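This briefing accompanies the sequence and structure shown below. The points that follow are grouped by topic.

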Amino acid sequence: DAALNIQPNPEQLAQAAADFISAQVRVKPELNILVATGHTPMATYAELARRAEAGEVDFSRATAVQLDEYLGIDDDDPRSLWGWMRRSFVEPLRLTRTVRLESPAQFGTALARLGGLDLAVLGLGPNGHLGFNEPPSLPDAPTRTLALTPASLESNRAYWGELAVPEGAITAGMDVILAARQTLLLVGGTHKRAVLHAALKGPETPEVPASFLRRTALTVIADEAAWA
Ligand code: GLP
């Protein structure tokens, strides 16, 4: 069963998530962490950066692994998810070890060398996607390139203002995410309420890829708006 942690507001969600992640890296300083971008985890990462700055937690031996990326985007493009991950997580938390997601083969080799993922920090797509594992995605869906669905093109528009959302993407596979020793799903806002309930209480279905997270050692930290 998923451990469900409901917080009154986004600030306390970020504190609880930072507590969870900090505890993991204290137990295992060489933690291998799959790192989502998107809006939801940003306050959590900022709180972790504050704690790292204050010397309360040390990520210097941890490895950050990229979850997803658009296709056809340069590193210096403002839409680069690698750039977003670097600016929000890798640099402020002072990590020195990273694995980029460049191709399925390169990614698989790098993960094998790491000995797998200890923790996957995930957001919840409004259509139930994880990373860019768009519906339908089976639990064994591999790391791959794909065309984004209209729903994800629409939800990702919020990130880039006037810039177009790239139409192609690469994502860590469902197989990679579901093999993580722990998974942490962060969910905030009323707009996620229906999909959160589908993911946790509906049938396990490829139509809601996040529903397969119930097969993992899952912790969900959500705010009241998303849960109530
Ligand atoms: C995006 C990303 C995911 C992210 C999810 C939720 O499309 N590909 O990695 O976790 O959707 O994003 P947000 O936290 O902004 O709601």
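R94 is found in the loop that links helix 3 (81-90) to strand 5 (97-99). The model is a predicted one, and the points below treat its backbone geometry, strand pairing, nonpolar core, ligand shell and two individual residues.

**Backbone geometry**

- R94 has a phi near 65°, a positive value in a residue other than glycine.
- Most residues other than glycine have a negative phi, and most peptide bonds are trans.
- R94 is classed as partly exposed because 13 other C-beta atoms lie within 10 Å, whereas a buried residue needs 20 or more and an exposed one has 12 or fewer.
- The peptide bond from P135 to P136 is cis, and its omega is near -5°.
- P136 is located in the loop between strand 6 and strand 7 (144-147).

**Strand 10 and its partners**

- Strand 10 spans residues 218-223 and is mostly covered, with 5 of its 6 residues buried.
- Strand 1 (residues 3-7) runs parallel to strand 10 and is joined to it by 5 bridges.
- Within this part of the structure, A3 has T219 of strand 10 as its bridge partner.
- Strand 9 (residues 182-187) also pairs with strand 10 in the parallel sense, over 5 bridges.
- The residue of strand 10 that serves as bridge partner of L186 is I221.
- A right-handed β-α-β unit is formed by strand 9, helix 7 (residues 193-201) and strand 10.

**Nonpolar core**

- The largest nonpolar core comprises 64 residues, and L34, V35 and V121 have the most contacts inside it.
- Helix 1 (residues 10-27) gives the most to this core, contributing 7 residues.
- When residues up to four places away in sequence are left out, V121 touches I21, I33, L34, V35, A36, P41 and L184.
- In soluble globular proteins, nonpolar side chains tend to be buried together.

**Ligand shell**

- The shell around the ligand has 16 residues, of which A36, G38, H39, T40 and G123 come nearest.
- By class, the shell holds 5 nonpolar, 10 polar and 1 charged residues.
- Strand 6 (119-123) and helix 5 (150-160) each supply at least two residues of this shell.
- Helix 5 provides the largest share of the shell, namely 3 residues.
- A36 is thus named twice in this briefing: among the nearest residues around the ligand and among the contacts of V121.

**Q12 in helix 1**

- Q12 is a residue of helix 1.
- Q12 counts as partly exposed because it has 16 C-beta neighbours inside 10 Å, a count below the 20 required for a buried residue.
- Q12 and T44 are 32 residues apart along the chain, and their C-alpha atoms are separated by 9.4 Å.

**V57 in a loop**

- V57 is found in the loop between helix 2 (42-53) and strand 3 (63-66).
- V57 is buried because 20 other C-beta atoms lie within 10 Å, and 20 or more is the requirement for that class.
- Leaving aside residues up to four places away in sequence, V57 touches S22, V25, R26, L48, R51 and A52.
- The C-alpha atoms of V57 and G128 are separated by 32 Å, and the two residues are 71 apart along the chain.

Terms used
Residues are numbered from 1 along each chain as its sequence is written. This is a predicted model: local features need pLDDT of at least 70, side-chain atom pairs count only at pLDDT 80 or more; totals for chains, interfaces and linings use all residues. Helices (H or I, at least four residues) and strands (E, at least two) are DSSP runs, numbered from the N terminus. Two strands pair if DSSP finds at least two bridges between them. A crossover is right-handed if, with the strands pointing away from the viewer, the path from the first strand over the helix to the second runs clockwise. A residue is near a molecule or strand if its C-beta atom, placed from the backbone, lies within 6 Å of it. Ala, Val, Leu, Ile, Met, Phe, Trp, Tyr, Cys and Pro count as nonpolar, Asp, Glu, Lys and Arg as charged, and the others, Gly among them, as polar. A nonpolar core is a set of buried Ala, Val, Leu, Ile, Met, Phe, Trp, Tyr and Cys residues joined through C-beta atoms within 7 Å. Two residues are in contact if their C-beta atoms, placed from the backbone, lie within 7 Å.
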